[in-house]
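The exercises below concern pairs of charged side chains. Each task is followed by a solution in steps.

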Amino acid sequence: MTPTDIALLAAEENKNPLLPAAPDLVWGGICFVILLLLFWKYALPRLQQVLDERTANIEKKLEQAERERAEAQALLEQYREQLAEARQEAARIRAEAQSERQAIIEEARAEAQAAAQQVTERAHAQLQADAQQAKAELSREIGRIAVELAEKIVGQALSDGQATRATVEQFLAELESQAGSAEAGRR
């Protein structure tokens with residue numbers, strides 16, 4: 001054994017099992033640099049492109065969301081305006097219906113009052129006509145009875161019907177005037 005072999009054996013015996021050998025470190029470093037360059041050259045641009053596309057897509061979606069939010073806000077404002085207009089229209093229609101209802105009630109009331117007035121006037125006229133007819137019939141009956149009584153008192157028939165009728169009518173007129181003055185005195 002040469003001293004060099006002894007030194008190598010001593011160095012191998014003192015070697016740390018966690019540390020790789022120097023040639024392994026060199027070859028591992030070279031592979032790492034090659035992989036790093038390949039990653040830098042090919043994978044990193046593609047990764048950057050994907051990230052850029054994804055960022056652009058997200059920004060586009062954010063802009064679209066902002067436009068849609070603005071449109072939704074505009075639709076909401078439009079809806080509120082339409083709702084307010086509908087409420088105003090409903091209030092106007094209710095007010096018109098109330099006024100029409102009131103007008104219809106007033107018209108019906110006026111028609112009912114006019115009809116009642118007509119019925120009252122007709123009834124009043126009918127009563128006056130009936131009273132006049134009853135008065136005339138009563139006058140005729142009183143005249144007939146008076147003539148009969150006069151014929152019984154005198155003992156002969158009264159032949160001049162015209163003069164007799166005039167006397168009876170004058171008598172009845174005097175009775176009516178006395179009854180009218182007596183009624184006025186009671187009031």
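A salt bridge is a side-chain nitrogen of Lys or Arg within 4 Å of a carboxyl oxygen of Asp or Glu. The model is predicted, and it holds 7 salt bridges.

**Exercise 1.** Determine why Glu 141 and Arg 144 count as a salt bridge, and state where the two residues lie.

Solution.
1. The closest N and O atoms of Glu 141 and Arg 144 are 2.0 Å apart.
2. The cut-off is 4 Å, so the pair qualifies.
3. Both residues belong to helix H2, 3 residues apart, which is about one turn of the helix.
4. Glu 141 has a relative accessible area of 34% and Arg 144 one of 39%; partly exposed covers values between 20% and 50%, so both are partly exposed.

**Exercise 2.** Place the salt bridge between Arg 92 and Glu 96 in its surroundings.

Solution.
1. The N to O distance between the two side chains is 2.4 Å.
2. Arg 92 and Glu 96 are 4 residues apart in helix H2, which spans residues 22-154.
3. Arg 92 is partly exposed at 39%, and Glu 96 is partly exposed at 36%.

**Exercise 3.** How far apart are the closest N and O atoms of Glu 106 and Arg 109?

Solution.
1. The closest N and O atoms lie 3.3 Å apart, and the two residues form a salt bridge.
2. About one helical turn of H2 separates Glu 106 from Arg 109, as they are 3 residues apart.
3. Relative accessibility is 38% for Glu 106 and 45% for Arg 109; both residues are partly exposed.

How values were computed:
Residues numbered from 1 in each chain as written. Predicted model: local features only at pLDDT ≥ 70, side-chain atom pairs only at ≥ 80, totals over all residues. Heavy atoms only, no water. Helix = DSSP H or I, 4+ residues; strand = E, 2+ residues; numbered from the N terminus. Buried < 20%, exposed > 50% of the residue type's maximum accessible area, 1.4 Å probe, protein only.
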